[in-house]
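The following exercises concern one protein model. Each task is followed by a solution in steps.

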Amino acid sequence: MRIALIGYGKMGKEIEQIALSRGHKIVSIIDINNIDDIDSEEFRSADVAIEFTSPAVAVDNYKRCFKSGVALVSGTTGWNSQWDEIKTIVEKEGKTFFWASNFSLGVNIFFALNRYLARIMNHFPEYNISMTEVHHTQKLDAPSGTAITLAEGILENVEHKDKWVKEVEESANELAIHSIREGAVPGIHIINYESEADTITIKHDAKNRRGLAMGAVLAAEFTCGKKGLLGMKDMLTF
Ligand SMILES: NC(=O)c1ccc[n+]([C@@H]2O[C@H](COP(=O)([O-])OP(=O)(O)OC[C@H]3O[C@@H](n4cnc5c(N)ncnc54)[C@H](OP(=O)(O)O)[C@@H]3O)[C@@H](O)[C@H]2O)c1
């Protein structure tokens with residue numbers, strides 16, 4: 001497969017290694033210094049582009065990539081307020097867009113476990129729910145996209161909670177997400193259910209970025225030849 005990379009930071013470099021090891025060719029690398037190369041012939045020759053940049057520039061990159069006609073996989077988080085705009089472009093203009101808040105297999109297993117536990121805990125409102133996410137200090141968005149997906153999994157299943165908030169709950173219907181930024185932590189997500197009698201905790205602790213990068217390359221392979229909005233639920237069958 002011919003792959004273009006948009007963003008050549010921590011994730012872009014890790015994805016390049018895995019893509020090459022799986023026999024793919026990197027035909028274009030777009031970073032902050034050569035963003036106009038999205039309009040180049042090399043970029044347009046890609047079967048799929050993989051985008052990992054930053055919240056402030058992601059949506060602009062998506063629009064430029066859609067114009068180039070190249071299928072797009074992205075993991076950039078923190079741009080959710082523009083989700084509807086991107087969804088409309090993809091659906092109306094027949095584009096291909098695979099997005100995931102987290103590409104790692106382990107985290108997607110954790111998402112399923114979180115939804116299952118939330119369905120059980122819906123019957124036990126005496127347990128107070130709290131969420132904590134920890135990431136490296138260079139991460140720009142808080143809470144993490146992964147934490148938002150976990151919160152949505154709880155809100156869909158626990159009737160007495162209907163919105164997530166940053167840090168402090170002001171009423172019982174809110175679910176607080178605490179964000180900690182320290183060191184070089186790739187990503188820790190913790191969900192706690194606490195009663196007067198006990199605490200139930202589930203936790204995912206990423207050891208490195210390899211699982212994330214592998215998931216993004218698998219998503220690129222899956223996306224090739226498909227149309228529309230795609231996500232991990234389309235690729236994983238559990
Ligand atoms: N979904 C997932 O599984 C997942 C996993 C890991 C990370 N993420 C998210 O992915 C994003 C990138 O993470 P990262 O760790 O790779 O960050 P990073 O190391 O900061 O890399 C981002 C790269 O994008 C470049 N860039 C900035 N503006 C650009 C533009 N307009 N066009 C093209 N490239 C541009 C940056 O260049 P400069 O350094 O020169 O500014 C940098 O090289 C973040 O939003 C992060 O939260 C998602």
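**Exercise 1.** Determine how many residue pairs are in polar contact between domain 1 and domain 2, and characterise the side of domain 1 that takes part.

*Solution.* In this predicted model, seven residue pairs, both members at pLDDT 80 or more, are in polar contact between domain 1 and domain 2. Next, classify the residues of domain 1 that touch domain 2: three are nonpolar, six are polar and two are charged. Finally, count the salt bridges between domain 1 and domain 2; the result is zero.

**Exercise 2.** State how the chain is divided into domains, and describe the extent of the contact between domain 1 and domain 2.

*Solution.* Begin with the bounds: domain 1 comprises 2-103 + 210-235, and domain 2 comprises 105-205. To the contact between them, domain 1 contributes 11 residues and domain 2 contributes 14 residues. The C-alpha centres of domain 1 and domain 2 are separated by 27 Å. The area buried between domain 1 and domain 2 then comes to about 880 Å², with 49% of it from carbon and sulfur atoms.

**Exercise 3.** Why is Cys 65 not bonded to the closest cysteine sulfur? Establish also whether Cys 65 and Cys 224 are buried, partly exposed or exposed.

*Solution.* A disulfide requires two cysteine sulfur atoms within 2.5 Å. The closest cysteine sulfur to that of Cys 65 belongs to Cys 224 and lies 13 Å away, so the separation is too far for a bond. Cys 224 is accordingly in no disulfide, and the count of disulfides is zero. As to accessibility, Cys 65 is buried, at a relative accessible area of 0%, whereas Cys 224 is partly exposed, at 32%.

Definitions and conventions
Residues are numbered from 1 along each chain as its sequence is written. This is a predicted model: local features need pLDDT of at least 70, side-chain atom pairs count only at pLDDT 80 or more; totals for chains, interfaces and linings use all residues. Side-chain values use heavy atoms; hydrogens and water are left out. Domain bounds come from an automatic or database domain assignment. Contact means heavy atoms within 4.5 Å. Buried area is the accessible area (1.4 Å probe) that two parts lose on being put together, summed over both. A salt bridge is a side-chain nitrogen of Lys or Arg within 4 Å of a carboxyl oxygen of Asp or Glu. A polar contact is a pair of N or O atoms within 3.5 Å; within protein, one must be able to donate a hydrogen and the other to accept it, and residues adjacent in sequence count only if both atoms are side-chain atoms. Ala, Val, Leu, Ile, Met, Phe, Trp, Tyr, Cys and Pro count as nonpolar, Asp, Glu, Lys and Arg as charged, and the others, Gly among them, as polar. Buried means under 20% relative accessible area, exposed over 50%, partly exposed in between (1.4 Å probe, protein chains only).
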